[in-house]
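Take a look at the model below. Keep it in view as you read, and find each residue as it is named.

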Amino acid sequence: MVLPVGRKDGASGASSLGGRVDGRVTGSAVGSVVGSFVGSFTERVVERARALRFDVVGIASATAPLVEEYDRYESYLASGFQGTMDWLAENREVRRRVDTADMLQGARSVICLARSYRRDEDGEAGGLVPGIARYARGRDYHTVVRKKLRQLAAFVRTLGDDVQARPLTDDAPILERAWAARAGLGFVGKNGLLIVPGQGSYVLLGEVLTTLQLDPGEPIAQRCGSCTRCLEACPTDAFAAPFVLDARRCIAYTSIEHEGTIDAELSDRTGPWLFGCDVCQAVCPFNAGKHGAGLATDSFRPHDRWRELSPVDLLETSELDAGSLLEGTPLARAGVRGLARNAAIVLGNAGFAPGSRAHHALVRLAAESPHEELREHAARALVRGLRRPEP
Ligand code: B12
Ligand code: SF4
Ligand code: SF4
């Protein structure tokens, strides 16, 4: 079952909670006996998820492995799309099934949750904010979501003597989108993202794996139709095919996960993106309109520091000060060096006047940085971005 655990204002379009839960409890002789308990457990889990301010919740059966999705994962690895993210190729069996000792022996249900991070007013914010992907503008979402997942797992454990529950966020080696799609939370778009009807794709996923038997949902139909906007809009042509991302070309990979030098062909196409990228979501019609907009809590409100700084400021900040700026924010994942490299790329792509602060900062970086990739990116930015006066 899937329920948008809507806010009191009903903006997520939630239908009556109790009615839908009760209405779904059906099954065999065993199922119907278990059913009345299943329904009430499911209902209580949903209520609790609502209280914890998750926007959507659904249940997937944990007992059947992911088959097609696992095959896609294997062919993704075989194509080398993971680049230097070697950790994506580890723990393969866990990506196929989660009801084993590696994840949770005897798991019966995956409680799949989505939390919206969309805040429309952010588009207008200045400084570094527009160059930071929306999910990363505020507090580290791992901290925000993990805390809530732990609370939900603790609640689930109270529902029976031997009930076990394990909270998971994207640090767990599972195919989160595949489980969410199985639970019927949404469908996977051609941009590879899980799209929740009525909410769009600006949602983060999390799960609680449990031995408790809950009432599973049904996958919903893929709804992209003939649209191909995301595939066409991607600045780096990162989609090898619809639904299939060559991560090596994705700005979220080059700017966050990849250390060292970035190919000029890609960095020139990165435009203003300092950390992550939202283009394939921004163009998606499922994110148009106001639904879900502005619902996200203050946790996702952009940090003031990002409003106040510019890419040049990042280059002029000492490593030590930059380190404390990043602390506790998602940007820490790219590291001080990664962000300096990204700032040089953004400045080169934006262009700057001779004698400007950007010009001086890049000259210094090119000459003095102890890091080869920073010297190289600064030199490239100087060639690319310096707007020479008309002769
Ligand atoms: C590694 C990773 C990345 C990598 C690689 C992404 C990738 N596509 O492989 C990079 C750094 C590039 C990245 C980028 C982003 N990521 Co990321 N990422 C992950 C992570 C940790 C693992 C993903 C993974 O296992 N990839 C391997 C591939 C094989 O699996 P998959 O991505 O699930 O791919 C599925 C589709 O390709 C699909 N598929 C393939 N072919 C077909 C065909 C059909 C017909 C269908 C229906 C489906 C389909 O099946 C695959 C398996 O289920 C997940 C968290 C997690 N544990 O799942 C977050 C996660 C996917 N990322 C997330 C986010 C927010 C992003 C960004 C939007 C961040 C940003 N703004 O910069 C971008 C979006 C880029 C994009 N268009 O996908 C969210 C997505 C939320 C959502 N609504 O879907 C997740 C779920 C994190 C979270 N907990 O919320 N990410
Ligand atoms: S996040 Fe940006 S670079 Fe990555 S696939 Fe989407 S549009 Fe392309
Ligand atoms: S932009 Fe179009 S094709 Fe891409 S995910 Fe959205 S609806 Fe699907």
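This report covers the ligand shells, the core, one helix and a few single residues. The model is predicted.

**Two ligand shells**

Start with ligand 3. Around it sit Gly189, Lys190, Asn191, Cys224, Cys227, Thr228, Arg229, Cys230, Val283, Cys284, Pro285 and Phe286. Of these shell residues, 7 are nonpolar, 3 are polar and 2 are charged. Which domains supply the shell around ligand 3? Domain 1 (2-210) and domain 2 (229-385) each give at least three residues.

Now turn to ligand 2. Its surroundings are Cys234, Pro235, Thr236, Ala238, Leu245, Cys250, Ile251, Ala252, Cys277, Val279 and Cys280. Two elements, helix 8 (251-257) and helix 10 (279-282), each give two or more residues to this shell. The shell around ligand 2 has 10 nonpolar residues, 1 polar residue and no charged ones.

**The largest nonpolar core**

In soluble globular proteins, nonpolar side chains tend to be buried together. Here the largest nonpolar core has 96 residues. Which members touch the most others? They are Cys112, Ala114, Leu209 and Ala344. Helix 14 (residues 335-350) gives the largest share of this core, 8 residues. The core also takes at least three residues from each of domain 1 (2-210) and domain 2 (229-385).

Look at one of those well-connected members, Ala114. Ala114 lies in strand 3 (residues 109-116). Is Ala114 buried or exposed? A residue is buried if 20 or more other C-beta atoms lie within 10 Å of its own. Ala114 has 29 within 10 Å, so it is buried. Ala114 also has a partner from elsewhere in the sequence: Leu205 is 91 residues apart from it, yet their C-alpha atoms are 4.6 Å apart.

**Helix 5**

Helix 5 (residues 141-157) contains 17 residues. From its first C-alpha to its last, helix 5 reaches 24 Å, close to the 24 Å expected at 1.5 Å a residue. Its buried residues include Val144, Val145, Lys148, Leu149, Leu152, Ala153 and Val156. Why do the buried residues line one face of helix 5? Seen down the helix axis, they fall within an arc of 155 degrees, so they line one face. The general rule helps here. An α-helix has 3.6 residues a turn, so residues three or four places apart point the same way.

**Leu320**

Leu320 belongs to helix 13 (residues 319-326). Leu320 has 9 other C-beta atoms within 10 Å, so it is exposed. Val336 is 16 residues apart from Leu320 along the chain, and 8.7 Å separates their C-alpha atoms.

**Two residues with positive phi**

Arg53 has a phi near 70 degrees, a positive value in a residue other than glycine. Asp237 is not a glycine either, and its phi is positive, about 50 degrees. Where do they sit? Arg53 is in the loop between helix 2 (29-51) and strand 2 (56-61). Asp237 is in the loop between helix 7 (229-233) and strand 8 (239-241). Arg53 counts as partly exposed, and Asp237 counts as partly exposed too.

The table lists neighbour counts for the single residues in this report.

| Residue | C-beta neighbours within 10 Å | Class |
|---|---|---|
| Ala114 | 29 C-beta atoms | buried |
| Arg53 | 16 C-beta atoms | partly exposed |
| Asp237 | 13 C-beta atoms | partly exposed |
| Leu320 | 9 C-beta atoms | exposed |

Conventions
Residues are numbered from 1 along each chain as its sequence is written. Chains are lettered from A and ligands numbered from 1 in the order in which they are written. This is a predicted model: local features need pLDDT of at least 70, side-chain atom pairs count only at pLDDT 80 or more; totals for chains, interfaces and linings use all residues. A residue is near a molecule or strand if its C-beta atom, placed from the backbone, lies within 6 Å of it. Ala, Val, Leu, Ile, Met, Phe, Trp, Tyr, Cys and Pro count as nonpolar, Asp, Glu, Lys and Arg as charged, and the others, Gly among them, as polar. Domain bounds come from an automatic or database domain assignment. Helices (H or I, at least four residues) and strands (E, at least two) are DSSP runs, numbered from the N terminus. The expected span of a helix is 1.5 Å times one less than its number of residues. A residue is buried if 20 or more other C-beta atoms lie within 10 Å of its own, exposed if 12 or fewer, and partly exposed in between; C-beta atoms are placed from the backbone. The arc is that of the directions from the helix axis to the C-beta atoms. A nonpolar core is a set of buried Ala, Val, Leu, Ile, Met, Phe, Trp, Tyr and Cys residues joined through C-beta atoms within 7 Å.
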